[in-house]
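Let's look at how two protein chains can sit together. Keep the picture in view as you read.

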Protein chains: 2
Amino acid sequence: MAIKIGIYGYGNLGKGIESAIRHNPDTELVAVFTRRDPKTVKIQTEGVSVYAAADAPAMKDQIDVMILCGGSATDLPVQTPELAKYFNVIDSFDTHAKIPEHFEHVDQAAKESGHVGIISVGWDPGMFSLNRLYANAILPGGHDYTFWGKGVSQGHSDAIRRIEGVKDARQYTIPVESALEAVRSGADPELTTREKHTRECFVVAEEGADLAAIEKEIVTMPNYFSDYDTTVHFISEEELQRDHAGIPHGGFVIRTGSTGWNDENKHVIEYSLKLDSNPEFTSSVLVAYARAAYRLNKEGQDGCKTVFDIAPAYLSAEDGAELRKHML
Amino acid sequence: MAIKIGIYGYGNLGKGIESAIRHNPDTELVAVFTRRDPKTVKIQTEGVSVYAAADAPAMKDQIDVMILCGGSATDLPVQTPELAKYFNVIDSFDTHAKIPEHFEHVDQAAKESGHVGIISVGWDPGMFSLNRLYANAILPGGHDYTFWGKGVSQGHSDAIRRIEGVKDARQYTIPVESALEAVRSGADPELTTREKHTRECFVVAEEGADLAAIEKEIVTMPNYFSDYDTTVHFISEEELQRDHAGIPHGGFVIRTGSTGWNDENKHVIEYSLKLDSNPEFTSSVLVAYARAAYRLNKEGQDGCKTVFDIAPAYLSAEDGAELRKHML
């Protein structure tokens, strides 16, 4: 019997979940919830209905795991604890500084209701965090490096769009290859923000806009661009649609460290992702952890967990004996 | 109070454990056991004694975790189940085909005695296995690739040493860069043994030996070399000592797969290791899992486990709240 999954929020992430469920035959989509008028939301899975968000609690007995697809700024801090009253829940909460607080809220709600909540699932936080933890446990006293990209940064693209005279924009974060190579060499470089990443912007300007002024406003924008070497390209709307419609991303987690009685041997552990679609990859991780939440709850566990607390075997559709035989 | 560790077998791996314990302040070496005459074995840690292997059971109350450092062919199949009667045990059993059988034996002994045994810990099996599992869970229906090297293969070096006229030898396994690139491109290539790795041999011949005959015997050796493009270099004993004394290794675990309603988006997950010392890195992984075995047993768990069954947080010396704050 398949694990019955609900999707709460049907944006890019929700659509990715729907498609990931299709790739995992032991999971089944049973409902999509939206804050929009459900009649206006068309989904791809035949025979599955869209409901108003407010109707979710009434379906608590029909859903094994609810996957929350809202934003970290205002949606998830409220929704994840609230829905943990009724469901096992998974979210991709990614405001790193607020994770401890979010954890406490979800933990309390999930323990009271006897459900499992897994927060901050995806690739960063998520798979990148896992790789930081494993590498730190293996090489204590080493150095951690995280690089992001090449990929589209939604927040930075939005910041450009708010500039007067800008019609649309797409911003790519790009790791600096020479910095990556220095890290991989085991040289333990100290790298500034500017040395690690560059930013490349593709901007569609309004007709008659002052391009020089737009470019200056971008490259000097505090927090977003002023600490980086930023390149700005003005392109047509057609070019933006044609060449920059995707949402690729990725990055590198590298730890270097040494072993030996006198630290005479160096080691480099590297994990990297190259993703055509950031939200679809994140969704794929969320569905794997939904499987884990379902199983852990069946075993009688409850409360909030993160990727650090889940034994890897819970993520796989195969059982332990199969995994030991084929994958160990 | 530090976790009290015993080392069972003091070869390259045992020495690596001793040094890894020094890098992990929450662990403490309490005894080294050897099948040699203990008086002939000198260790580096001051104040710690070397005992005969047969004396180990008598020290069961002084050791939290015994790390077994014997070979997979004949040592570990006997030693790990035997010592699991008295201790929490960790081994690096790496005969992939016999893991299910070894698991059963250790599981039975560890359950009867109320201990935890973690088998097949290291990097392959071990960290590579974990990365295969995570990547498979995230991208079902994708393709797995494992490349090894550049690194010294002990078994292949030994095979060369057994040839008549060979005094000493060192064999390196080297991944083919163009094959790695083809995999990373997402092209899902089907690769033959020959296309994935080359083998490079450095051979010290006896005086007057028939070099052409040695080279021919190497490159045509079934199982070991005949399926590979193999290069043989004859060098002096001094050159071997000077340039090939290390035991480097490493490799790459790559999974490619697609997401999207029509599989329209490709993804590449890559994990790689570049290790100056194969046994010291393996030892570092073993010590991290010793920490996990100790904690799991304290929680009341017993029986055999693998890296698949251990939640990552158990490997870290930091507690859950610290990990969520700094590493997630």
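How many residue pairs are in polar contact across the interface of chain A and chain B? The rule finds 31 such pairs, both residues at pLDDT 80 or more. A polar contact is a pair of N or O atoms within 3.5 Å; within protein, one must be able to donate a hydrogen and the other to accept it, and residues adjacent in sequence count only if both atoms are side-chain atoms.

This is a predicted model, where local features need pLDDT of at least 70, side-chain atom pairs count only at pLDDT 80 or more, and totals for chains, interfaces and linings use all residues. Residues are numbered from 1 along each chain as its sequence is written, chains are lettered from A and ligands numbered from 1 in the order in which they are written, and side-chain values use heavy atoms, leaving out hydrogens and water.

Here is the make-up of the side of chain A that touches chain B (contact means heavy atoms within 4.5 Å). Ala, Val, Leu, Ile, Met, Phe, Trp, Tyr, Cys and Pro count as nonpolar, Asp, Glu, Lys and Arg as charged, and the others, Gly among them, as polar.

| Class | Residues of chain A |
|---|---|
| Nonpolar | 32 residues |
| Polar | 22 residues |
| Charged | 16 residues |

Chain B also brings 70 residues to the contact, as does chain A. Of the interface residues of chain A, 100% are interface residues in chain B too, so the copies meet through the same surface.

The model scores ipTM 0.97 and pTM 0.96.
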